[in-house]
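I opened this structure to look up its pockets, its aromatic pairs and its overall build. My entries follow in the order in which I made them.

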Amino acid sequence: MQNQTILVIGSTGKTGSRIAAILAERGFSVRHGSRKAAIPFDWEAPETWAAALDGVSSAYVSYFPDLAFPGASEKIEALTKVAAEAGVKRLVLLSGRGESHAQAAEAIVAKSGLDYTLVRASWFAQNFSEGYLRDQVLDGIVAVPAGTVREPIVDVDDIADVAVAALTEDRHSRQFYEVTGPRLLGFDEMAAELAAATGRPVRYMPITFDAFHAAMTEAGGTFVADVFTAISREVLDGRNESLGDGVQRALGRAPRDFTDFAQAAAAQGAWRKAA
Ligand SMILES: NC(=O)c1ccc[n+]([C@@H]2O[C@H](COP(=O)([O-])OP(=O)(O)OC[C@H]3O[C@@H](n4cnc5c(N)ncnc54)[C@H](OP(=O)(O)O)[C@@H]3O)[C@@H](O)[C@H]2O)c1
């Protein structure tokens, strides 16, 4: 297996960078799926896909920005066809828990005729340390339209471990893993954990979906705000208030806890302000 090439789409992102690093450490030949890679991969330029998939045995598929964006399903379907033509054996799809569009993409991959593993993840803990909520943690106010909903927030390191296993071990063939953290946490509890880890005040401010939409519009325009608000309305309505057993089933160990994530990220300087 180690002499086979594995494509990691999103290899500069939160999950993909970790997956690429683990695979390289274990001696696998990694092809980086990024617009900046030597052989570039661009979701917006389908003509780049065949070269990126050429000679690849398995591929990790992390879509950007989100499977809920218009055209995502069509692109996933087209990618499965290019992958099949290139002789790729297995796709490992990252999908989002409770998202109807993501579930449609899962079905496309499952019916593609290729071998596959579906990794359906809950909210990433690293949204607070590497994503759009990092600045809010630094400012001391985490504003999310989540009310009192609790989320089984997952450490991206666990998603990476599950994906690496799925890319490199046959026993994960045709498996569907719901990958969550080990407990449900309200956003007020997450803020308290972040405050404890950083030694700075951090509090949760529940906001309305309209306020979320307004903030997203300012940051990325109306179209992006529309899609992310729709996703938030979907996944923050309480449907995800349960634990998944994906980490335990795939890896034979419990998922990492948010407290450990927050303390480790703080120790690594995730919330150190630039001088
Ligand atoms: N964040 C969460 O809580 C969460 C939860 C469940 C599922 N997900 C899913 O995780 C996936 C990744 O989301 P994320 O926000 O965490 O992003 P991310 O993986 O941290 O970062 C973005 C990645 O996407 C790549 N990218 C951006 N535009 C691209 C394009 N046109 N073509 C190819 N690659 C492109 C970037 O590569 P280059 O810039 O190097 O090209 C980078 O590697 C999404 O599908 C999302 O739905 C996220």
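**Pockets**

I began with the largest pocket, which has a volume of about 1,400 Å³. The model is a predicted one, so I kept local features to pLDDT of at least 70 and side-chain atom pairs to pLDDT 80 or more, while totals for chains, interfaces and linings use all residues. Residues are numbered from 1 along each chain as its sequence is written, and side-chain values use heavy atoms, with hydrogens and water left out.

I noted what a pocket is here: on a 1 Å grid over the protein atoms alone, an open set of points where a 1.4 Å probe fits, with protein on both sides within 12 Å along at least five of seven lines. Lining residues have an atom within 4 Å of a point. A volume is the space filled by probe spheres set on the points.

Which residues lie closest to the centre of the largest pocket? Of the 44 that line it, they are Lys14, Tyr63, Phe64, Pro65 and Asp66. I then sorted the lining by class and got 19 nonpolar, 16 polar and nine charged residues. Nonpolar covers Ala, Val, Leu, Ile, Met, Phe, Trp, Tyr, Cys and Pro; charged covers Asp, Glu, Lys and Arg; the others, Gly among them, are polar.

Helix H1 (14–25), strand E4 (90–96), helix H8 (209–220) and helix H9 (222–235) each supply at least two lining residues of the largest pocket. H9 has the largest share, four residues. Helices (H or I, at least four residues) and strands (E, at least two) are DSSP runs, numbered from the N terminus.

The second largest pocket has a volume of about 200 Å³. I found 13 residues in its lining, with Gln126, Asp157, Ala264, Ala265 and Gln268 nearest its centre. H11 gives the most to this lining, four residues. By class, the lining of the second largest pocket holds four nonpolar, three polar and six charged residues.

**Backbone**

I checked Pro65 again: the peptide bond from Phe64 to Pro65 is cis, with omega near 5 degrees. Pro65 lies in the loop between strand E3 (56–61) and helix H3 (72–86).

Arg174, a residue other than glycine, has a positive phi near 60 degrees. Arg174 sits in the loop between helix H6 (156–168) and strand E8 (175–179).

**Aromatic pairs**

I searched the whole structure and found eleven aromatic pairs (rings of Phe, Tyr and Trp, the last by its six-membered ring, with centres within 6.5 Å). Phe128 and Phe258 form an edge-to-face pair (planes over 60 degrees apart), 5.9 Å centre to centre with 75 degrees between the planes. This pair links distant parts of the chain, 130 residues apart: Phe128 in the loop between strand E5 (115–121) and helix H5 (134–139), Phe258 in helix H11 (residues 258–267). Phe128 and Phe258 are both buried (under 20% relative accessible area, 1.4 Å probe, protein chains only).

Phe261 and Trp271 form an edge-to-face pair, 6.1 Å centre to centre with 85 degrees between the planes. Phe261 is in helix H11 and Trp271 in the segment after H11, ten residues apart. Phe261 and Trp271 are buried.

I also noted one aromatic cluster, made of Phe41, Trp43, Trp49 and Tyr63.

**Overall build**

I noted eleven helices and ten strands in the protein. The C-alpha atoms fill a box of roughly 50 × 40 × 40 Å, taken along the principal axes. Buried residues make up 53% of the 275 residues.

How values were computed. Rings of Phe, Tyr and Trp (its six-membered ring) pair if their centres lie within 6.5 Å; planes under 30 degrees apart count as stacked, over 60 as edge-to-face and the rest as tilted. Buried means under 20% relative accessible area, exposed over 50%, partly exposed in between (1.4 Å probe, protein chains only).
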